[in-house]
Amino acid sequence: MGEEPSREAVSQFVERFAGVLANSGVPTMSARVMGAMLVSPTGTMTAAELAELLQISQPAVSGAVRQLLQVSFISRERLPGSRKDHYRIREDVFAAILDRRNLALTEWESTSRSGASLFGEDTPVGRRLTEAADFFAFIHADMDQMIKEWRAKHPR
């Protein structure tokens, strides 16, 4: 087994990883918390541990944790003998992220189709919206199948 990475190297990785998530739409503080939890040896951290590692305030941790709990990317638990809440990153968090994004594709498709009906499917706007709806339906079906295959090959 290799040497443990330095605290600075871990911090740099967490920030780089958080930047990638933030660039794809995850709120910055939530992305930083996810990055920190991802590299936690146990997969669990307290709010105080998160604040210390990320060098952020407790309210910033609280807001990020609340948002991640709402979308079920993390869970809250109490460890035996502890009075503090411990947050655990969901084992299939990345499949869950894509699952949520895939649900959005259904809404995009539906809205595009209603727009095509509104403008008339034989108009330039209607054709453009129909093409968008068809694209969203195509991507949704493929993404749905890929997530199902991933979960079948990687059961929790």
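**Helix 2, helix 3 and a pocket**

Visitor: Which residues in helix 3 do R32, V33, A36 and M37 in helix 2 meet?
Guide: In this predicted model, local features need pLDDT of at least 70, side-chain atom pairs pLDDT 80 or more, while totals for chains, interfaces and linings use all residues. Numbering starts from 1 along each chain as written, and side-chain values use heavy atoms, without hydrogens and water. The four helix 2 residues are in contact (heavy atoms within 4.5 Å) with L50, L53 and L54.

Visitor: How do the residues of this contact divide by class?
Guide: Ala, Val, Leu, Ile, Met, Phe, Trp, Tyr, Cys and Pro count as nonpolar, Asp, Glu, Lys and Arg as charged, and the others, Gly included, as polar. The contact of helix 2 with helix 3 has six nonpolar, no polar and one charged.

Visitor: Are helix 2 and helix 3 roughly parallel or roughly perpendicular?
Guide: The axes, lines fitted to C-alpha atoms over the stretch in contact, of helix 2 (residues 28-38) and helix 3 (residues 47-54) come within 10 Å. They cross at roughly 100 degrees, on a scale from 0 to 180 between N-to-C directions. Angles of 65 to 115 degrees count as roughly perpendicular. The two helices are therefore roughly perpendicular.

Visitor: How far apart are the end C-alpha atoms of residues 24-83?
Guide: UniProt, in an unreviewed entry, places "domain: HTH marR-type" at residues 24-83; such annotations may be inferred. The span is 53% helix and 13% strand, by DSSP runs (H or I, at least four residues; E, at least two). Its end C-alpha atoms lie apart by 35 Å.

Notes. Parallel < 35°, antiparallel > 145°, perpendicular 65-115°, else oblique.
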